[in-house]
Amino acid sequence: MTSQDGGTRVTIIGVGPGDNGFLTLKAKQAVEEADLVAGFATVLNVVRPFVKNAELCPMAYRDQEEVLDYAVGKVKQGKSLVVCAWGDLNVSAKELLDRVRRRVDHVDLIPGISSVQIALVRSGISLEHAVFVTLHVRDGAESALEELVHYIKEGRRNVVLLPRPYDLMPAGIAAGVIEAGISGDRQMTVFQRLTHDDEQSWSGSVSECAAITSDFSDLSIMVFHKPDSD
Ligand SMILES: C[S@@+](CC[C@H](N)C(=O)[O-])C[C@H]1O[C@@H](n2cnc3c(N)ncnc32)[C@H](O)[C@@H]1O
């Protein structure tokens with residue numbers, strides 16, 4: 001779609017953490033009114049029930065550039081495009097936002113409910129008592145791991161961490177923080193598939209987590225509890 005000043009315009013929405021009951025009314029309306037709706041296949045599944053006339057443009061990591069080129073090409077022909085991001089837009093979703101921003105003149109952002117907010121709700125932690133770290137980055141995971149150790153050691157806040165499927169997952173991260181000098185007795189929780197029917201949570205010590213040999217879901221969030229809330 002072109003804006004009043006003639007520039008190209010795309011709407012990006014956050015679709016929430018999986019259960020489409022967490023899709024906002026604004027995001028739902030954008031999907032209902034769109035000519036094209038683009039996003040990773042699992043993300044599109046959340047909004048699929050609300051698509052009215054839109055052409056769906058599913059993308060995968062390998063073809064996301066081509067799919068966005070195609071969809072933005074349609075925008076230049078006057079169509080409206082909604083790009084869908086998982087959870088909230090401002091939580092570890094920058095790569096997708098940047099890919100869209102590089103292609104158009106204006107983006108309209110409709111935030112969503114993040115999986116991080118659900119993890120806070122489930123663990124009864126307020127945002128002001130938490131610090132957030134993501135390993136879900138292509139570059140910079142090493143410095144994020146250093147920050148993680150720093151905040152756990154400091155012990156002033158609960159640390160909410162997004163692991164990185166599948167090379168930096170909960171058991172390996174737990175083993176790594178013990179190696180970096182964190183006590184194995186520190187208490188933590190791993191949430192998997194929040195808001196899905198098969199949602200799970202596991203709580204225990206960091207050393208118990210390090211010993212887990214079963215696989216964790218790609219939708220996993222770790223919370224390292226601050227010592228006095230153990
Ligand atoms: C690329 S990040 C995007 C996060 C997203 N923007 C958000 O606000 O939830 C994807 C990571 O978020 C976490 N995640 C997303 N949805 C989740 C869910 N329903 N349950 C647990 N973790 C989830 C996982 O760590 C997953 O690997």
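These legends walk you through several close-up views of a predicted model.

**View 1. Helices α3 and α4 pack against each other at an angle of about 40 degrees.** Two packed helices are described by the angle between their axes and the distance between the axes. Here, helix α3 covers residues 64-76 and helix α4 covers residues 94-101, and their axes lie 10 Å apart. That angle makes α3 oblique to α4. If you are wondering about handedness, the crossing of α3 and α4 is right-handed.

**View 2. Residues of α3 meet residues of α4.** On the α3 side, look for Q64, E65 and L68. Their partners in α4 are L96, R99 and V100. Sorted by class, this contact of α3 with α4 is made up of three nonpolar residues, one polar residue and two charged residues.

**View 3. The ligand has 19 residues around it.** Those that come nearest are W86, V91, S114, S115 and S220. They are good names to find before turning to the polar atoms in the next view.

**View 4. Oxygen atoms of the ligand pair with polar atoms of H136, D218 and S220.** H136 takes part through its side chain, where a polar atom lies 3.0 Å from a ligand oxygen. D218 uses its backbone instead: an N or O atom there is 2.8 Å from an oxygen atom of the ligand. S220 also takes part through a polar backbone atom, which sits 2.7 Å from a ligand oxygen. You may remember S220 from the previous view, as one of the residues that come nearest to the ligand.

**View 5. Two loops hold unusual backbone geometry, at Y166 and S92.** Most residues other than glycine have a negative phi, and most peptide bonds are trans. The peptide bond from P165 to Y166, however, is cis, with omega near -10 degrees. You will find Y166 in the loop between β7 (158-162) and α7 (170-179). S92 is not a glycine, yet its phi is positive, at about 55 degrees. Look for S92 in the loop that lies between β4 (81-85) and α4.

Note on methods:
Residues are numbered from 1 along each chain as its sequence is written. This is a predicted model: local features need pLDDT of at least 70, side-chain atom pairs count only at pLDDT 80 or more; totals for chains, interfaces and linings use all residues. Side-chain values use heavy atoms; hydrogens and water are left out. Axes are lines fitted to C-alpha atoms, for helices over the stretch in contact, and angles run from 0 to 180 degrees between N-to-C directions. Helices (H or I, at least four residues) and strands (E, at least two) are DSSP runs, numbered from the N terminus. Angles under 35 degrees count as roughly parallel, over 145 as roughly antiparallel, 65 to 115 as roughly perpendicular and the rest as oblique. A crossing is left-handed if the near helix is turned anticlockwise from the far one by less than a right angle, and right-handed if clockwise. Contact means heavy atoms within 4.5 Å. Ala, Val, Leu, Ile, Met, Phe, Trp, Tyr, Cys and Pro count as nonpolar, Asp, Glu, Lys and Arg as charged, and the others, Gly among them, as polar. A residue is near a molecule or strand if one of its heavy atoms lies within 4 Å of it. A polar contact is a pair of N or O atoms within 3.5 Å; within protein, one must be able to donate a hydrogen and the other to accept it, and residues adjacent in sequence count only if both atoms are side-chain atoms.
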